[in-house]
Amino acid sequence: ITNASNNTFANGNTSYVNVGSYQSHAQGTLGMQSGKWYWEIKMNGTHGNYGVCENYAKQAEDPQNNAPYYFLYSNSSNGIVVYNNATSSSGTTNSGWTNFASGQIIGFAYDADNGKLYAHNNGTYYNSGNPAGGTGEVISGITPREEGVIVPLIAQGTGSARTHNVNWGQGYFGTTAVSSANADANGVGIFEYAVPSGFYALCTKNLKEFS
């Protein structure tokens, strides 16, 4: 993960420590131009902004008020807000969707071939999502608009300090090992939840083979 501003990283750059700025965010370093990819995030609080963005996006800005960002946001009380910020800022609240809470694992499956983002909370997909079947995505129509590539987005909608731990398949959230051992169909990765059929851990080995 990389970012601007005075935030820091830990645990081999898999933990993003935001000191309290929603005007900054972190991006994954591996672009997803094709293929289907999976990763998981665990936070020690609420107010997460998780999804994808174009790596052209300025890292010292608020994703909720800029474009192009595509993500889910939860402040723990009003449901999940879906931001499909292709060309401008907009959010749609889904009051029946389970809010993020401290310790929950939010998983993402991104289908770069079709521009679809799927998300689950502790294994239950929002919008009855079925990544393997290509239905129930939370955001569709994702495509680079500024001559960049799509990368994972890790941000927050609060001025309070937060730590965001990402499991790219290394089998840890920070220094805590996952309790399950789910690999992708290529035998790569150690995830808490099952990797959808046809999706793979976002790593250089899989990018070379499946993108």
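**Pairing of strand E6 with strand E7 in the predicted model.** In this predicted model, asparagine 49 has tyrosine 73 of E7 as its bridge partner. That contact belongs to an antiparallel pairing in which five bridges link E6 and strand E7, the latter formed by residues 69–74.

**Pairing of strand E6 with strand E13.** Strand E13, which covers residues 150–156, runs antiparallel to E6 and is joined to E6 by seven bridges. Within this pairing, tyrosine 50 is matched with isoleucine 154 of E13 as its bridge partner.

**The two faces of strand E6.** In a regular strand the side chains alternate between the two faces of the sheet. On one side of E6 lie Gly48, Tyr50, Val52 and Glu54, and on the other Asn49, Gly51 and Cys53, and all of these residues are buried, so that both faces are covered. Because seven of the seven residues of E6 (residues 48–54) are buried, the strand is largely enclosed by the rest of the structure.

**The fold that surrounds the strand.** The protein contains one helix and 17 strands. Its radius of gyration is 15 Å, close to the 17 Å that the globule rule gives for 211 residues, and the protein is therefore as compact as a globular protein of that length. Of the 211 residues, 53% count as buried, and among contacts with a separation of 6 or more, 57% are between residues 24 or more positions apart.

**Surface and charge of the protein.** The exposed area is about 8400 Å², of which carbon and sulfur atoms supply 42%. The protein carries 8 positive and 12 negative side chains, and the centres of these two sets lie 3 Å apart.

How values were computed
Residues are numbered from 1 along each chain as its sequence is written. This is a predicted model: local features need pLDDT of at least 70, side-chain atom pairs count only at pLDDT 80 or more; totals for chains, interfaces and linings use all residues. Side-chain values use heavy atoms; hydrogens and water are left out. Helices (H or I, at least four residues) and strands (E, at least two) are DSSP runs, numbered from the N terminus. The radius of gyration is taken over C-alpha atoms; the globule rule is 2.2 Å times the number of residues to the power 0.38. Buried means under 20% relative accessible area, exposed over 50%, partly exposed in between (1.4 Å probe, protein chains only). Contact means heavy atoms within 4.5 Å. Accessible areas come from the Shrake-Rupley method with a 1.4 Å probe; for residues, only the protein chains shown count as cover. Lys and Arg count as positive and Asp and Glu as negative; His and the chain ends are not counted. The place of a charge is taken as NZ of Lys, CZ of Arg, CG of Asp or CD of Glu. Two strands pair if DSSP finds at least two bridges between them.
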